[in-house]
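Me: I would like to learn how to read a structure like this one. Could we go through it feature by feature?

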Amino acid sequence: MTADLPIVKCVARARIPTTQGPEIFLHLYSNNVDNKEHLAIVFGEDIRSRSLFARRPNESQTDRMIRGAYVGKLYPGRTEADFDDRLGLQLKFASDGTLIVEDKTTWNGVTNDTLVRIHSECYTGENAWSARCDCGEQFDRAGKLIASDEEIETGIKGGSGHGVIVYLRQEGRGIGLGEKLKAYNLQDLGADTVQANLMLKHPADARDFSIGKSILMDLGINNVRLLTNNPDKIEQVEYTPYIKCVERVPMVPIHWTNENKGIDSVEIEGYLRTKIERMGHLLQKPIKLHANENVTTI
Ligand SMILES: [Zn+2]
C-alpha cells in the first residue's frame, strides 16, 4: 500500500542542545533510492521513528541506547533503553517488535497536528551567508516557529516545542552545488533563477519530496501544518490517506514585516520576485486547507 514510496530507515538519533535554546533530536536516515544521508530535525523527545524504535533480533538495551532508541533522557549509568526510571516512562512493543503508540510516551500524529517544514539543503544560504536566497532565514525561522507558542510579529501559532524539519540533501533545487554556482553566474549575467536553470538544461525545479514523505510516515506524522509559501509543495507532501496537510503556514520574509531585520539585498528581492511571479509562490496569511478528519494511520 506504500509501495510507491521509497523505503527509509532511521540509522541513529541523538539529542542536540542548540545555541538557540531548545534541544532537538537529529535523526539520520538511509533509503533505497540514493546514497545520501537525509535528516530529520525533530523537536520533541516523544516523536519516535518507527524504524529506529522497532526491536531488532539479538540486540541489547545498550545497543538501543547507542542508536538513540530510548525513551526519556540518557544519564551516566542508565541500563534500560525502553524504561526511564527517573521520568517513569516505559515503552511497549507488539509481539513482532513494533512500537506501540501510547499518549504517555509517544506523540500521536493523528490527534495532534504537527508543524512541519520540508527543507532542501542549501549550502550557500545556510553556511556561506548567501543573500541570494532566503533558505538560511527560512531554516532558522522554521526552527523558531516550531519551538515557540506563537510568532509575535505575525501572530502565527507555533508548534509549542513539537515539530519536524525534514532536511533533504538536494542542493540547488536538486541540480547540485556545482551547477548552482554556474546558475549564479548566469544570474549575474542577467538571467533570473528559473531562466538560469533552463539555460543549463536543468528543470526549473528538480527536487523530489518522496523521501520526505517516507520520513514523515516513519515518524508517525499524519496531520501536517506545512510551513511553505509554495502551493505545489502541499500536493507534493500529501499522501492520501496517510499524510494530510491540514494547514499551510506561510513563511513571510522577516524583512517584509520588520525592515530592520531579515535579509535586505538586491539579489534576494529579485529571487523572491521570481518565486512569486514565475513559480506561483503565495506570500500571505495562513490558509486552512482541510478539516482535520479521515486520516488513516500506518
Ligand atoms: Zn538557498
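Reply: Start with the metal. A donor here is an N, O or S atom within 2.8 Å of the metal, and water is not among the atoms, so a site may look incomplete. Keep in mind also that this is a predicted model.

Me: Which protein atoms are the donors of the zinc ion?

Reply: The SG atoms of Cys122, Cys133 and Cys135 are the protein donors, and they lie 2.2 Å from the zinc ion. Along the chain, the donors follow the spacing C-x10-C-x1-C.

Me: Is cysteine 133 buried or exposed?

Reply: The cut-off for buried is under 20% relative accessible area. Cysteine 133 has a relative accessible area of 3%, so it is buried. Cysteine 135 is buried as well. Away from these donors, cysteine 10 has 0% relative accessibility and therefore counts as buried.

Me: How many disulfides does the structure hold?

Reply: A disulfide is read from the distance between two cysteine sulfur atoms, which must be within 2.5 Å. The structure holds 0 disulfides.

Me: What should I look at for the protein as a whole?

Reply: Look at its elements, its cover and its contacts. The protein has 10 helices and 12 strands. Of its 298 residues, 50% are buried. The protein exposes about 14600 Å², and carbon and sulfur atoms supply 52% of that area. Among contacts with a separation of 6 or more, 58% are between residues 24 or more positions apart.

Me: How many residues of helix α7 are buried?

Reply: A helix can be read by counting how many of its residues are covered. Helix α7 spans residues 210-218, and 9 of its 9 residues are buried. Among them are Lys213 and Asp218, as well as Ile211, Ile215, Leu216 and Met217. Just after α7 comes glycine 220, which takes a positive phi of about 70 degrees.

Me: Which residues have a positive phi although they are not glycines?

Reply: Two cases are tryptophan 129, with a phi of about 55 degrees, and serine 160, with a phi of about 50 degrees. Tryptophan 129 lies in the loop between α3 (123-127) and α4 (135-147). Serine 160 is in the loop between α4 and β9 (163-168).

Me: Are these two residues buried, partly exposed or exposed?

Reply: Exposed means over 50% relative accessible area, and partly exposed lies between that and the buried cut-off. Tryptophan 129 has a relative accessible area of 79%, so it is exposed. Serine 160 has 43%, so it is partly exposed.

Me: Where is the cis peptide bond that involves proline 241?

Reply: A cis bond is read from omega. The peptide bond from threonine 240 to proline 241 is cis, with omega near 0 degrees. Proline 241 is found in the loop between α8 (231-237) and β11 (244-249).

Me: Which residues form a nonpolar patch on the surface?

Reply: Such a patch joins nonpolar side chains within 5 Å, from residues with over 30% relative accessible area. Tyr123, Leu177 and Leu181 form one, with about 260 Å² of accessible area together. Leucine 177 lies in helix α5, which covers residues 177-188. Its relative accessibility is 32%, so leucine 177 counts as partly exposed.

Me: Why can residues some places apart in a helix point the same way?

Reply: An α-helix has 3.6 residues a turn, so residues three or four places apart point the same way.

Conventions
Residues are numbered from 1 along each chain as its sequence is written. This is a predicted model: local features need pLDDT of at least 70, side-chain atom pairs count only at pLDDT 80 or more; totals for chains, interfaces and linings use all residues. Side-chain values use heavy atoms; hydrogens and water are left out. Donors are N, O and S atoms within 2.8 Å of the metal (3.2 Å for Na, K and Ca); water is not among the atoms, so sites may look incomplete. Buried means under 20% relative accessible area, exposed over 50%, partly exposed in between (1.4 Å probe, protein chains only). Patches are made of residues with over 30% relative accessible area and no salt bridge: like charges are joined within 9 Å, nonpolar side chains (Val, Leu, Ile, Met, Phe, Trp, Tyr) within 5 Å. Accessible areas come from the Shrake-Rupley method with a 1.4 Å probe; for residues, only the protein chains shown count as cover. A salt bridge is a side-chain nitrogen of Lys or Arg within 4 Å of a carboxyl oxygen of Asp or Glu. Helices (H or I, at least four residues) and strands (E, at least two) are DSSP runs, numbered from the N terminus. Contact means heavy atoms within 4.5 Å.
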